[in-house]
Amino acid sequence: MTGEHPVPGSDSGPALVGIVLVSHSSRVAEAVAELARELAAGGPVAPVAAAGGTAVGGLGTSTERILAAAREVDRGAGVALLADLGSSVLTVKALLMEDELPAGSELLDAPFVEGAVAAVVTASAGAPLAAVAAAAADAYTYRKA
């Protein structure tokens, strides 16, 4: 998380959907975020933040990291959250139910790596949250054989 993007409501940059990648592993979340940013490069890249691992660096899910990441990428166009496994999904769902995430936040039903790339590329093109969610979900159909 870099903090180099404008705050919500700021007029210093395009209002792009922000992406949060929630993983049990900080290294996995960071690596997928880096891959997605690199594949979306060539113009403005949607804000992407990794929220992986626990606050003490172990495997697990941290509500504090998820909340901080969502606030960091929020530009007022919505926040798309992708989660890797069981408890990360449940944690994001709980934060949504408790209305703790920024307005316009949505948990995407998508594969973690392919969905993240599709979401970041689509968001970087200026698409709205519904289109970002659809592109990420469409990643389920990517055939490899």
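Angles between elements run from 0 to 180 degrees, taken between N-to-C directions of axes fitted to C-alpha atoms. The exercises below use this predicted model.

**Exercise 1. Find how α2 lies relative to the sheet, and what covers its buried residues.**

Step 1. Locate the helix: α2 spans residues 63-73.
Step 2. Check the strands under it. α2 lies across β1, β2 and β3.
Step 3. Read the angle. α2 runs at about 180 degrees to β2.
Step 4. List the buried residues of α2. They are Ile66, Leu67, Ala69, Ala70, Glu72 and Val73.
Step 5. Look for their cover. It includes β1, β2, β3 and α3 (86-97).

**Exercise 2. Work out the strand order of the sheet and say which strands stand at the edges.**

Step 1. Four strands form an open sheet, in the order β2-β1-β3-β4. The pairing is parallel.
Step 2. β2 and β4 (105-107) each have a single partner strand, so one side of each is left without a neighbour in the sheet. These two strands stand at the edges.
Step 3. From one strand to the next, the twist averages 20 degrees.
Step 4. Follow the pairs. β1 and β2 are joined by five bridges, with valine 20 opposite alanine 49 in β2. β1 and β3 also pair in the parallel sense, over five bridges. Here glycine 18 stands opposite valine 79 in β3.
Step 5. Add the first helix. α1 packs on the sheet and touches β1 and β2. Its direction makes about 165 degrees with that of β2.
Step 6. Assign the hand. β1, α1 and β2 make a right-handed β-α-β unit.

**Exercise 3. Decide whether the residues of β2 are buried or exposed on its two sides.**

Step 1. Sort by direction. Val48, Ala50 and Gly52 point one way from β2. Ala49 and Ala51 point the other way.
Step 2. Apply the cut-off: buried means under 20% relative accessible area.
Step 3. All of these residues are buried. That is five of five, and β2 is mostly covered.

**Exercise 4. Map the largest nonpolar core and the surroundings of leucine 108.**

Step 1. Start from the general rule. In soluble globular proteins, nonpolar side chains tend to be buried together.
Step 2. Count the core. The largest one has 27 residues. Those with the most contacts inside it are Ile19, Leu21, Leu82, Leu108 and Val132.
Step 3. Trace the contributors. β1 (18-23), α1 (26-40), β2 (48-52), β3 (79-83), α4 (112-124) and α5 (129-138) give two or more residues each. The largest share, six residues, comes from α4.
Step 4. Zoom in on leucine 108. Setting aside neighbours within four places in sequence, leucine 108 is in contact with Ala80, Leu81, Leu82, Ala119, Val132, Ala133 and Ala136.
Step 5. Separate the other core. Apart from the largest core lies another, of 16 residues, among them Ala69, Val73, Val79 and Ala83.

**Exercise 5. Explain what is unusual about the phi of aspartate 99, and place the residue.**

Step 1. Recall the rule: most residues other than glycine have a negative phi.
Step 2. Compare. Phi of aspartate 99 is near 60 degrees, a positive value in a residue other than glycine.
Step 3. Place the residue. Aspartate 99 is in the loop between α3 and β4.
Step 4. Classify it. Exposed means over 50%. Aspartate 99 has 66% relative accessibility, so it counts as exposed.

**Exercise 6. Judge the confidence of the model along the chain.**

Step 1. Take the mean pLDDT of the chain: 91.
Step 2. Check the coverage. Of the residues, 91% reach 70 or more.
Step 3. Find the weak stretch. Over residues 1-11 the pLDDT is below 50. Beyond near neighbours in sequence, this stretch has 20 contacts in the model.

How values were computed. Residues numbered from 1 in each chain as written. Predicted model: local features only at pLDDT ≥ 70, side-chain atom pairs only at ≥ 80, totals over all residues. Heavy atoms only, no water. Core = buried A, V, L, I, M, F, W, Y, C linked by side-chain atoms within 4.5 Å. Buried < 20%, exposed > 50% of the residue type's maximum accessible area, 1.4 Å probe, protein only. Contact = heavy atoms within 4.5 Å. pLDDT = per-residue confidence, 0-100. Pairing = 2+ DSSP bridges. Right-handed = clockwise from strand over helix to strand, strands pointing away.
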